[in-house]
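Me: I'm new to this structure and would like a close look at one part of it, the open sheet in chain A. Could you take me through that sheet, and then show me what lies around it?

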Amino acid sequence: MSIEVRNITKRFGAFAALKNVSLLVPTGELVALLGPSGCGKTTLLRIIAGLERAEEGSVLFDGVDIAGRAVQHRGVGFVFQHYALFRHMSVFENVAFGLRVRPRRIRPDEKTIRERVNRLLSLVQLESQSHRYPSQLSGGQRQRVALARALAVEPQVLLLDEPFGALDAKVRGELRSWLRRLHDEIRMTSVFVTHDQEEALEVADRVAVLREGVIEQVGTPDEVYHHPATPYVFDFLGRVNVFHGRWLKGLQASGSAFPADGPDEAGTVFVRPHQLDISHQAAGSDGFPARVRHINPAGPLVRVELLSEWGQPVHVELSQERYRELGLARDAQVYVVPKEMKVFEADYAI
Amino acid sequence: MNDSDMQRPPTVPGHPWGVALRTFARRRGAVVLRSWPWGRWILIAMALTFLAVFLVVPLVAVFVEAMKKGWAVYWAAVSEPAAWSAVKLTLLVAAIAVPLNLAFGIVASWCIAKFEFRGRNILLALIDIPFSVSPVISGLIFVLLFGAQSRLGPWLAAHDIKLLFAVPGIVLVTVFVTFPFVVRELIPVMEAQGREEEETALSLGASGWQTFLRVTLPNVKWGLLYGVILCNARAMGEFGAVSVVSGHIRGETNTLPLHVEILYNEYQFAAAFAVASLLALLALVTLVLKKSLEWKVRRALRAGQEREGGPSGVPA
């Protein structure tokens, strides 16, 4: 089932949480709503679920406006960040809840309920925990119970609100790829909210980047990462160095030259740390002198923090080979050379 | 112990901060007392003396005084028709006031804890009025509202509705005085529970009523029971407000506390204490119930905490 959000506006008092937002989620896709806290992503998810009401705009499931349909009748599975498991019920009863509360005429019999719950528990690999209570489970297990419970009512749409936000980094990473595999298996239209760009890029088919109640860009992870539509998207998806400057036959950013063409006006250069290189000699007019301030060689890439002549911190990521080749040390005077970059013409402050 | 050690309480792996802080406080307290060895015993003696003088002695005195003239007098005092009717009236009033406040308390606390609306804080303050106003004044308010001199008075008289100096009046003031107990117990529990479990239940297709019965209520049941017990204790023991509206008609509008007062004023000390001992017994039963509830809840909580943090929980 496809989800379409048309011109949604939502206010909380004087605060506009969503401003005229439109979004299409095609059938079977997994879409991430990505943005910092307070950008309206959770509000949008809750409006789709019917837990919140929008002042303007409409939500359509398969082209049908569902404004009048209460949350019970929308056929959505909703998973909360903090699991929201029924703490007085066992894992089994949690998953069975949605089936047990059905009106008598469409309620499955006990045997069917048992079968379906057990099937779901084996899907989330928790068969052995069915008699336990939520307080006896770890965070990752609880979130999987929440997922099985949402799937038990065979929803048309799965909505996840920061599903891994409360878990530690290792479990989060593993659960993330598991969710991706699960989605490939069941192919249910899903929307999930996250503030973690890595998570969004890794799991989702498409990513919608939100900022202060507005969708800045929607695209595949590849598109939003490599071809960001706005400086904000560029900045939000990964670490970035920002140089403010002026076009002058190439960009004179902060007193240094960048090899780029453009009109004679203010501009901003965005360079990701891995798009910068370090050399011991000045390479023509490219690059600028800087002093090494800190080196962190732990990890797949070596992170080097430098201080430019005009006092701006610059972050560079080098491969381990390149780092060894250069033989960098603290307080060394070097040149920073951009390999590639993205220029946004209007001056943009972060 | 250097400065940074002092600021950071010792943490035990896998334990919540609360435990760590408590351990820390206990240790610091122990340090203070170790430097002053007599202090511990003096403090304990003071606390025990205070407890004995203000709590144990009066309670024992009630039973001793009640038995002073022997079983026969005791039995006569509690089995006398006026005493019996007071017992019955007290139980009747509690039987009406407690369920009313139970229902009303659940509704009010649910609205206040789970929803943001204009006037929420005003409502919260209003709920506390029965606690902050002297019970005598509460009684007086009802006299002024429904008495013969009030605006409603003539209308009530014309329709032959007797509120004051009758059972309905007693029930009304008791409901008023005991109103905050259930609400005050439930609000923190419901706020802690949040809306998410209920929203989940709704998204799973449960109706509002099913959500309330299967999700909201089971989660607050201990708080609710606790509130009901306190509410009941107060409903049976209320004196001030009831005294103003009851009219002290023996055998008709006398509750147990009022009956005790009458007997005492008539210099029937043994009888007064005998009836008082009934009330004290009711209070003790209430206390035991409350304690066993607290114990049960704590045990359930501890069991939950100990089992927390099992295997890492990632599917293979």
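Reply: Let's get our bearings with the other chain, since the contrast helps: chain B has 15 helices and zero strands. So for a sheet we turn to chain A, and keep in mind throughout that this is a predicted model.

The sheet you asked about is an open one with six strands, and its pairing is mixed. Reading across chain A, the order is S6-S7-S8-S3-S9-S10. The edges are held by S6 (76–79) and S10 (214–219) of chain A; each has a single partner strand, so one side of each is left without a neighbour in the sheet. Going from one strand to the next, the twist averages 15°.

Now zoom in on the S10 end. Strand S9 of chain A, residues 206–211, is joined to S10(A) by five bridges, and the two run antiparallel. If you'd like a pair to find on screen, try Leu210(A), whose bridge partner in S10(A) is Ile215(A). As background, strands of a sheet pair through backbone hydrogen bonds, either parallel or antiparallel.

What packs on this sheet? One element that does is helix H4 of chain A, residues 139–152. H4(A) touches S6(A) as well as strand S7 (157–161) of chain A, and the direction of the helix makes about 170° with that of S6(A).

H4(A) comes up again when you look at the nonpolar cores. The largest one has 82 residues, and the members that touch the most other members are Ala32(A), Ile48(A), Val95(A), Leu159(A) and Ala208(A). H4(A) gives the largest share of this core, seven residues. Take Val95(A) as a sample: leaving out residues up to four places away in sequence, Val95(A) touches Val117(A), Leu120(A), Leu121(A), Val145(A), Ala148(A), Arg149(A) and Ala152(A). There is also a second, separate core, with 54 residues, and its members include Val87(B), Phe181(B), Met236(B) and Leu279(B).

Next, the place where the two chains meet. Chain A puts 31 residues into the contact and chain B puts in 26. On the chain A side, the elements giving two or more residues are S6, H4, helix H2 (91–100) and helix H5 (169–186). You've already met two of those: S6(A) stands at an edge of the sheet, and H4(A) packs on that sheet. Sorted by class, the chain A side of this contact has 16 nonpolar, eleven polar and four charged residues.

Chain A has other strand pairs worth a look while you're there. Early in the chain, strand S1 (residues 3–12) and strand S2 (residues 15–25) of chain A run antiparallel, joined by seven bridges. Glu4(A) has Leu24(A) as its bridge partner in S2(A). The hairpin of S1(A) and S2(A) has two residues between the strands, and Gly13(A) takes a positive phi near 65° there.

Further along, strands S16 (residues 288–296) and S17 (residues 301–308) of chain A pair in the antiparallel sense over six bridges, with Ala290(A) standing opposite Ser308(A) in S17(A). These two strands form a hairpin with four residues between them, and Gly299(A) in the turn has a positive phi of about 110°. S17(A) then pairs again: seven bridges join it to strand S18 (residues 313–319) of chain A, and this pair also runs antiparallel. Arg303(A) stands opposite Glu317(A) in S18(A). S17(A) and S18(A) make a hairpin with four residues between them too, and here the turn holds Gly311(A), with a positive phi of about 85°.

To finish, back to the partner chain. Of the 316 residues of chain B, 29% count as buried. The domain assignment splits chain B into domain 1 (3–26 + 69–308) and domain 2 (32–67). Eight residues of domain 1 are in contact with six residues of domain 2 in chain B. Helix H15 of chain B, residues 269–306, gives seven residues to the domain 1 side, the largest share. That side of domain 1 has seven nonpolar residues, one polar and no charged ones.

One last residue to click on is Ile137(B), found in helix H8 (residues 135–146) of chain B. Ile137(B) counts as exposed because it has 11 other C-beta atoms within 10 Å, and the cut-off for exposed is 12 or fewer. The C-alpha atoms of Ile137(B) and Val244(B) are separated by 8.7 Å, though these residues are 107 apart along the chain.

Terms used. Residues are numbered from 1 along each chain as its sequence is written. Chains are lettered from A and ligands numbered from 1 in the order in which they are written. This is a predicted model: local features need pLDDT of at least 70, side-chain atom pairs count only at pLDDT 80 or more; totals for chains, interfaces and linings use all residues. Two strands pair if DSSP finds at least two bridges between them. Axes are lines fitted to C-alpha atoms, for helices over the stretch in contact, and angles run from 0 to 180 degrees between N-to-C directions. Two residues are in contact if their C-beta atoms, placed from the backbone, lie within 7 Å. A nonpolar core is a set of buried Ala, Val, Leu, Ile, Met, Phe, Trp, Tyr and Cys residues joined through C-beta atoms within 7 Å. A residue is buried if 20 or more other C-beta atoms lie within 10 Å of its own, exposed if 12 or fewer, and partly exposed in between; C-beta atoms are placed from the backbone. Domain bounds come from an automatic or database domain assignment. Ala, Val, Leu, Ile, Met, Phe, Trp, Tyr, Cys and Pro count as nonpolar, Asp, Glu, Lys and Arg as charged, and the others, Gly among them, as polar.
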